[in-house]
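The exercises below are to be worked with the sequence and the coordinates open side by side. Each one sets a task and is followed by a solution in steps.

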Amino acid sequence: MNIKRVVVKVGTNVLTNKDNRILGPVLRELVRQISVLNERDIDVILVSSGSAIAGKEILGETSIQDTSIRRQVYSAVGQPRMMRHYYSLFHDYGMRCAQVLATKRDFDKGKHRDNMINCYEGLLSEGITPIANEDDATSLTMSMFSDNDELASLVSELLDVDRLIILSDTDGLYTGHPDDENSRQLKEVKGDAAVEQYVMESNKKEGEGRGGMASKLKIAKGTAKKNIPTYIANGKRENIIVDIIDNKEVGTKFIL
């Protein structure tokens with residue numbers, strides 16, 4: 001199949017180290033791969049987490065008690081910081097990027113949705129890479145995405161892409177804990193396969209991102225059922241996006 005358009009979602013765990021600091025080399029490798037696809041005339045829409053952790057890195061602990069207000073503040077401070085990183089890296093590779101912030105209501109059928117499509121299509125027609133994230137600063141609880149995996153899926157459907165690639169800090173879906181020598185990686189999963197029992201609960205700290213493997217699995221299966229092949233793969237692995245586009249056996253592929 002001739003791939004013309006992909007969504008790449010990169011999670012906070014990929015972009016940070018164990019001390020929750022943003023990793024410059026990981027961001028650079030991500031943008032390098034987008035530039036490779038760009039040269040092949042493949043449109044890439046990047047869905048990037050990391051704004052809350054980038055804000056927390058600047059502000060440290062705050063006196064704000066309310067967790068949702070604290071998240072809004074961290075994200076509002078961190079978002080321009082993330083975009084500064086991206087702007088500089090895309091510039092290094094002779095490319096341009098743009099920020100597209102959204103809330104869940106923007107995907108409701110009608111004017112909001114049409115407006116979103118026009119914005120994305122306009123940017124892509126100019127060869128500009130859209131970088132999507134939830135508008136945490138203005139999102140109301142009832143109009144929040146469950147996480148950026150859900151946002152990536154909605155963008156994939158909105159723009160009728162050929163692939164959704166969800167980058168995590170593990171190589172894919174395993175039959176047990178990834179570190180357990182008895183668990184094996186699943187290479188391909190059909191949309192209706194009962195694999196939920198393989199997923200472990202994760203205990204995430206504040207700012208680390210809302211999506212765990214259970215969320216990724218649900219989103220990957222749901223997106224695959226819409227006939228968009230979806231991958232969960234290790235974003236810290238070199239050349240991972242290009243390898244997936246080249247149909248190398250990496251990550252876990254979800255199909256209809």
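**Exercise 1.** In this predicted model, decide whether Cys119 is buried, partly exposed or exposed, and then establish how many disulfides the structure holds.

*Solution.* Begin with the accessibility of Cys119, whose relative accessible area is 36%. Because buried requires a value under 20% and exposed a value over 50%, Cys119 is classed as partly exposed. Next, search the whole structure for disulfides, which returns zero. Consistently with that search, Cys119 takes part in no disulfide, and the nearest cysteine sulfur, which belongs to Cys97, lies 13 Å away, whereas the cut-off for a sulfur pair is 2.5 Å. Finally, turn to Cys97, which has a relative accessibility of 13% and therefore counts as buried.

**Exercise 2.** Identify the residues with the most contacts inside the largest nonpolar core, and find which residues Tyr86 touches beyond its sequence neighbours.

*Solution.* The largest nonpolar core comprises 36 residues, and those with the most contacts inside it are Val8, Tyr86 and Leu167. Its largest share, six residues, is supplied by helix 2, which covers residues 24-39. Setting aside neighbours within four places in sequence, the contacts of Tyr86 include Val10, Leu15, Leu27, Leu30, Val31 and Cys97. A second core, separate from this one, has 35 residues, among them Ala102, Phe145, Leu151 and Val189.

**Exercise 3.** Locate Lys225 and Lys248 relative to the secondary structure, and say how each is placed with respect to residues far away in sequence.

*Solution.* Start with Lys225, which sits in the loop that joins helix 7 (213-224) to strand 7 (230-234). Beyond its neighbours within four places in sequence, Lys225 makes contact with Gly191, Asp192 and Leu256, while its C-alpha atom is 24 Å from that of Glu121, a residue 104 positions away along the chain. Lys248, in turn, belongs to the loop between helix 8 (240-245) and strand 8 (252-255), and with a relative accessible area of 48% it is partly exposed. The C-alpha atoms of Lys248 and Leu37 are 15 Å apart, although 211 residues separate the two in sequence.

**Exercise 4.** What does the radius of gyration say about the compactness of the chain?

*Solution.* First note that the chain has eight helices and eight strands. Its radius of gyration is 17 Å, close to the 18 Å that the globule rule gives for 256 residues, so the chain is as compact as a globular protein of that length. As further descriptors, the C-alpha trace spans about 45 × 40 × 40 Å along its principal axes, and 52% of the 256 residues count as buried.

Note on methods: Residues are numbered from 1 along each chain as its sequence is written. This is a predicted model: local features need pLDDT of at least 70, side-chain atom pairs count only at pLDDT 80 or more; totals for chains, interfaces and linings use all residues. Side-chain values use heavy atoms; hydrogens and water are left out. Helices (H or I, at least four residues) and strands (E, at least two) are DSSP runs, numbered from the N terminus. Contact means heavy atoms within 4.5 Å. Buried means under 20% relative accessible area, exposed over 50%, partly exposed in between (1.4 Å probe, protein chains only). A nonpolar core is a set of buried Ala, Val, Leu, Ile, Met, Phe, Trp, Tyr and Cys residues joined through side-chain atoms within 4.5 Å. The radius of gyration is taken over C-alpha atoms; the globule rule is 2.2 Å times the number of residues to the power 0.38.
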